[in-house]
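Hi everyone, thanks for making the time today. I'd like to walk you through one structure, so please have the viewer open and follow along.

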Amino acid sequence: MLSSIKIVSKTRAVFGGSHIFKACASQRVVRQGNFNGDQSNVSCTRRMSGTGFNVPPSAEFVARVSGIATMCKLPFQETADGLDAAFVGVPIDTGTSNRPGARFGPRHIRAESAMIRLYNGWTRAAPYESIRVADIGDVNVNLFDLKDTCKKIREAYREIVATGCIPLTMGGDHTIAYPILQAVAERHGPVGLIHVDAHADTSDMILGEKIGHGTPFRRCVDEGLLDCKRVVQIGLRGSGYSPDNYEWSRAQGFRVVEAVECWHKSLVPLMEEVRSQMGTGPVYLSFDIDSLDPAFAPGTGTPEIAGLTPIQGLEIIRGCRGLNLVGCDLVEVSPPYDTTGNTALTGANLLFEMMCVLPKVKYY
């Protein structure tokens with residue numbers, strides 16, 4: 001199939017046809033018309049051959065600031081039918097305990113994702129040549145009732161995973177991991193968990209409530225959603241409510257890697273151990289942006305100093321290549337505290353990296 005970007009006037013460009021292209025090992029750019037003088041008949045076509053995949057329009061021909069913001073400028077579709085993976089937003093912050101604003105995370109991540117190109121420049125991953133991906137929009141949450149929101153999320157993700165699609169989620173606060181994992185475990189059974197965060201999120205209650213962004217993994221253990229011997233928590237730090245803030249996690253069999261254990265070192269060796277721990281079973285990756293030091297990611301609700309670096313974040317995600325990933329999320333981006341947009345930009349890139357390590361993704 002051919003799709004073209006046609007300049008219909010000096011001020012308006014149209015992406016002709018569908019965003020569906022044919023994928024192959026190389027791309028051939030065909031320029032029709034003359035860019036000098038009158039541009040009304042200029043058409044730029046990117047041809048690809050082979051099996052059909054969704055490929056974002058290149059910024060070589062379509063301005064990044066144009067069009068409706070979808071993740072990586074991918075096409076939007078209303079369901080996960082026919083997709084190998086889908087970007088989906090869950091815009092809530094009604095589970096937060098400190099600074100709000102994460103309800104706006106998905107739309108800002110989408111806006112900043114316009115910077116992301118087709119290939120992973122270092123790993124040589126080519127997701128758009130190997131898996132079919134789209135943005136399927138946001139879960140319609142209830143901002144006045146957190147329990148009802150969890151029900152809506154669970155039901156939405158049941159539909160997504162029932163198609164065989166792997167959800168790549170944009171939060172939203174970390175409460176969302178609980179109903180997502182309910183749906184994922186319903187399909188796959190108890191899953192391994194790679195949890196990257198400044199906080200363990202294993203509190204039993206907060207202000208008398210069982211559900212919030214500090215409790216999701218306690219609820220998951222209560223309901224048998226996790227294979228506790230295949231759980232690792234990376235980047236934990238900060239002051240606590242007890243002398244050993246992570247005693248409960250260790251008692252369940254979780255591996256706990258505190259941030260201080262990550263200082264001044266590459267995490268590639270750690271991820272070799274994590275891959276061995278996870279084995280061949282289903283794995284869910286949950287990445288809280290506050291795992292990164294607030295110098296790099298200030299736009300979040302519960303920042304803690306002395307955290308991971310973006311480089312270490314990449315090492316963790318790239319270290320998941322080869323695992324049986326059945327879902328991923330990036331949570332707690334709070335745009336009101338992200339004055340430069342760098343937190344959302346970092347989140348968008350981490351989500352792209354997650355897509356690049358999914359099963360079936362091709363590498364050059």
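**A walk from the sheet to the loops**

Let's start with a pair of strands: strand S7, residues 85-90, and S9 run parallel to each other and are joined by four bridges. If you want to find the register, alanine 85 faces valine 133 in S9, and glycine 89 faces aspartate 138 in S9. Before I go further, please keep in mind that this is a predicted model.

S7 has a partner on its other flank as well. It runs parallel to S10, with six bridges between them. One of the places to look is valine 88, whose bridge partner in S10 is threonine 169. How well is S7 covered? Six of its six residues are buried. Ala85, Phe87 and Gly89 point one way from the strand, while Ala86, Val88 and Val90 point the other way.

Now zoom out to the sheet itself. It is an open sheet of eight strands with parallel pairing, in the order S9-S7-S10-S15-S14-S11-S12-S13. Which strands stand at the edges? They are strand S9 (133-138) and strand S13 (255-258); each has a single partner strand, so one side of each lacks a neighbour in the sheet. From one strand to the next, the twist averages 15°.

Two helices that pack on this sheet deserve a look. H7 touches strand S11 (191-196), strand S12 (226-236) and strand S14 (282-288), and its direction makes about 170° with that of S14. Helix H8, residues 342-356, touches S7, S9, strand S10 (166-171), S14 and strand S15 (324-331), and its direction makes about 175° with that of S15.

Let's stay with H8 for a minute. Its 15 residues reach 21 Å from the first C-alpha to the last, close to the 21 Å expected at 1.5 Å a residue. Why can we call H8 largely enclosed by the rest of the structure? Because 12 of its 15 residues are buried. Among them are Leu350, Leu351, Phe352, Met354 and Met355, and the buried set also includes Thr343, Thr346 and Glu353.

That brings us to the interior. The largest nonpolar core has 53 residues, and Ile194 and Ile234 have the most contacts inside it. H8 supplies the largest share of this core, with eight residues. Apart from it lies another core, of 37 residues, including Leu146, Val161, Cys165 and Tyr178.

What does isoleucine 234 touch, leaving aside residues up to four places away in sequence? Its contacts are Ile194, His195, Val196, Asp197, Val257, Cys262, Leu270, Met271, Leu308 and Ile316.

Follow that last contact to isoleucine 316, which is found in helix H7, residues 310-318. Is isoleucine 316 buried or exposed? Its relative accessibility is 0%, so it counts as buried. With the same neighbours in sequence left out, isoleucine 316 touches Ile194, Val196, Ile234, Leu267, Met271 and Leu308. Isoleucine 316 and isoleucine 194 are 122 residues apart in sequence, with their C-alpha atoms 9.2 Å apart in space.

Here are some numbers for the protein as a whole. It has eight helices and 16 strands. Of its 364 residues, 54% are buried. Among contacts with a separation of 6 or more, 75% are between residues 24 or more positions apart. The protein exposes about 15600 Å², and carbon and sulfur atoms supply 52% of that.

Last, some backbone details to check in your viewers. Most residues other than glycine have a negative phi, and most peptide bonds are trans. The peptide bond from glycine 171 to glycine 172 is cis, with omega near 15°. Glycine 172 sits in the loop between S10 and helix H3 (177-188).

Then there is histidine 264, with a positive phi near 60°. Histidine 264 lies in the loop between S13 and helix H6 (268-278), and it is exposed, with a relative accessible area of 82%. Lysine 360 also has a positive phi, of about 80°. Where is lysine 360 found? Look in the loop between H8 and strand S16 (362-363). Lysine 360 is exposed too, at a relative accessible area of 60%.

That's my tour, and I'm happy to take questions.

Key: Residues numbered from 1 in each chain as written. Predicted model: local features only at pLDDT ≥ 70, side-chain atom pairs only at ≥ 80, totals over all residues. Heavy atoms only, no water. Buried < 20%, exposed > 50% of the residue type's maximum accessible area, 1.4 Å probe, protein only. Contact = heavy atoms within 4.5 Å. Areas by Shrake-Rupley, 256 points an atom, 1.4 Å probe, with all protein chains shown as cover. Pairing = 2+ DSSP bridges. Axes fitted to C-alpha atoms, helices over the stretch in contact; angles between N-to-C directions. Core = buried A, V, L, I, M, F, W, Y, C linked by side-chain atoms within 4.5 Å. Expected span 1.5 Å × (residues − 1).
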